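Please open the model in your viewer and keep the selection tool at hand. The stops below take up aromatic residues, a core and a few polar positions in turn.

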Amino acid sequence: MSDSPPRVSRTRDERRLLASTLVGTTIEWYDFFIYAQAASLVFAPHFFAPLSQDAPGVASLLSLATIGISFLFRPLGAVIAGRFGDRLGRKAMLVMTLIMMGSATALIGLLPTYAQIGVGAPILLIVLRIVQGFSAGGEWGGAALMAVEHAPRGKRGYFGAYPQTGVPLGLILATGVLWVISSSTSEEQFNAWGWRIPFLLSVVLIVFGYLVRRLVEESPVFQEMLERKAHSSAPLSELFRTNTRNVVLSALIFVANNAAGYLVIAYFLSYGKTLGLARPTVLLATIVGAVGWLVFTIYAGALSDRIGRVRTFQIGYAAVFAWMLPMFLMMETGSGVMFALAIVVLSFGIGLSYGPMSAMYAEMFPAKVRYSGVSIGYAFGAILGGAFAPTIAEALTQATGSAYAVGAYIMVLSVISLLAATAVREPRDTDLSA
């Protein structure tokens with residue numbers, strides 16, 4: 001069988017598919033990132049009040065650390081979603097993870113603070129963050145495979161870039177909402193109740209995402225697997241028996257990209273404040289950088305169809321490595337324009353090392369363990385990369401008094417990820433059929 005369905009009437013189905021993966025991942029990452037940004041801006045005094053008064057630096061580190069806690073549960077979400085996604089289909093798991101993520105996000109917006117219920121507040125916050133992490137672990141693999149497995153040969157990189165753009169779009173949406181609220185409220189109003197609004201808006205987004213995803217048919221590769229009864233009775237055990245090397249490589253490939261991405265998502269918000277930039281200015285700079293991230297991600301997906309996945313990753317990581325120290329030099333000028341421009345240039349390397357990921361990972365695994373393989377590799381890469389990157393970056397800044405140590409940290413990770421990508425035999429045009 002061909003690894004892509006007939007071309008007849010594909011145009012409308014393609015648009016529907018790409019819209020589904022794009023909308024769904026955007027909403028999921030909006031939920032995930034709104035937490036990361038709130039943790040950087042306001043969670044320390046609300047949920048770690050005693051430390052915030054006595055040791056504000058430690059409170060900030062703890063608040064940022066709660067971002068990373070959720071990543072520890074992403075592999076569990078990847079395992080469970082991967083197992084049932086390989087058995088029951090990508091679509092069912094995408095709907096389930098969407099609802100889980102949105103529900104947890106909305107409940108965070110309703111949480112009482114430490115001043116109201118004491119130590120129960122941070123405990124409940126962490127529990128809901130764990131639910132977000134579990135959901136995110138199952139989300140990405142399903143969305144990536146829905147896009148790549150539907151794609152015609154020769155356009156997998158381009159199709160696979162669409163669920164990838166959910167990250168910068170989710171960041172634009174999350175940061176844009178925070179910017180509007182921050183710009184239209186006083187400091188006291190924002191800290192008292194304004195920060196809750198972005199979390200509560202998730203209810204509206206979740207309904208919209210659910211309605212869009214209902215319109216998409218199941219992946220043609222999974223349909224073929226059902227017809228052949230070829231899905232494994234134990235896909236996870238088979239995955240590690242036959243594909244351990246690719247799981248490890250896929251995790252290491254993602255490490256530097258995820259760490260650099262979480263500088264943009266969370267760390268730069270607190271770093272901008274230390275440079276004396278106003279919160280709306282830093283939020284606007286983040287939005288501008290996220291737009292660059294979006295553009296370069298789409299470009300990278302299409303580029304990888306022409307020059308190969310491995311070469312595109314190599315260019316991306318070389319760019320991240322080369323830009324780290326000049327980036328912080330620009331930021332330390334204290335200019336909002338230079339701060340934004342520095343993030344935009346960084347987004348070139350981030351985009352080129354993110355856009356081809358869906359296609360490359362899908363091509364690295366056989367169909368019957370593909371959902372498990374890509375989800376678990378992605379989840380472990382996120383733990384090693386972005387989970388505690390904002391916390392590590394903040395700790396390095398506090399310890400050294402300079403952000404250049406953060407640049408060196410990302411440079412080391414870039415070398416690791418570049419070597420991992422280079423170790424992959426170019427997978428472009430691999431047959432994806434079952």
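Begin with the aromatic side chains of this predicted model, among which the count comes to 21 aromatic pairs. Select Phe33 and Tyr262, whose ring centres are 6.1 Å apart and whose planes stand at 80°, so that the pair is edge-to-face. Phe33 lies in helix H1 (residues 10-41) and Tyr262 in helix H16, so this pair ties together parts that are 229 residues apart in sequence. Both Phe33 and Tyr262 are buried.

Next select Phe296 and Phe348, an aromatic pair that is edge-to-face, with 5.2 Å from centre to centre and 85° between the planes. Because Phe296 lies in helix H17 (residues 279-307) and Phe348 in helix H19 (residues 336-352), the pair ties together parts that are 52 residues apart in sequence. Phe296 counts as partly exposed at 23% relative accessibility, and Phe348 is likewise partly exposed, with a relative accessible area of 30%.

For an aromatic group, select Tyr35, Phe43, Phe47, Trp195 and Phe199, which form one aromatic cluster. Then go to Phe190, where Arg279 lies over the face of the ring at 4.1 Å from the ring centre.

Now turn to the nonpolar interior. The largest nonpolar core has 114 residues, and those with the most contacts inside it are Phe43, Phe268, Phe328 and Tyr361. Colour helix H16 (residues 244-274) as well, since the largest share of this core, 17 residues, comes from that helix. With Phe328 selected, and its neighbours within four places in sequence left aside, look for its contacts with Tyr267, Phe268, Tyr271, Ala403, Tyr404, Val406 and Gly407.

Three polar positions come next. Gln37 is found in helix H1, and with a relative accessible area of 0% it is buried. Not counting residues up to four places away in sequence, Gln37 touches Leu171, Ala174, Thr175, Leu178, Ile265, Leu269 and Thr286.

Move on to Thr113, which is placed in the loop between helix H6 (90-108) and helix H7 (114-117). Is Thr113 buried or exposed? Its relative accessible area is 11%, and as buried means under 20%, Thr113 counts as buried. Beyond residues up to four places away in sequence, Thr113 touches His46, Phe47, Gly118, Ala121 and Arg196; Phe47 is one of the residues of the aromatic cluster visited above.

Select Ser202 last among these positions, in helix H13 (residues 202-213); at 0% relative accessibility, Ser202 counts as buried. Leaving aside neighbours within four places in sequence, Ser202 is in contact with Asp31, Gly102, Thr105 and Ala106. Show the side chains of Ser202 and Asp31, which are joined by a polar contact of 2.8 Å. A C-alpha to C-alpha distance drawn from Ser202 to Ser103 should read 7.8 Å, although these residues are 99 apart in sequence.

Finally, clear the selection and view the whole chain. Its secondary structure comes to 23 helices and zero strands, and of its 434 residues 60% count as buried. Among contacts between residues at least 6 apart in sequence, 88% join residues at least 24 apart. With a surface displayed, the protein chain exposes about 15,300 Å², of which carbon and sulfur atoms supply 69%.

Terms used: Residues numbered from 1 in each chain as written. Predicted model: local features only at pLDDT ≥ 70, side-chain atom pairs only at ≥ 80, totals over all residues. Heavy atoms only, no water. Core = buried A, V, L, I, M, F, W, Y, C linked by side-chain atoms within 4.5 Å. Buried < 20%, exposed > 50% of the residue type's maximum accessible area, 1.4 Å probe, protein only. Helix = DSSP H or I, 4+ residues; strand = E, 2+ residues; numbered from the N terminus. Contact = heavy atoms within 4.5 Å. Areas by Shrake-Rupley, 256 points an atom, 1.4 Å probe, with all protein chains shown as cover. Phe/Tyr/Trp six-rings, centres within 6.5 Å; stacked < 30°, edge-to-face > 60°. Lys NZ or Arg CZ within 6 Å of the ring centre and 35° of its normal. Polar contact = N/O pair within 3.5 Å; in protein donor to acceptor, adjacent residues only side chain to side chain.
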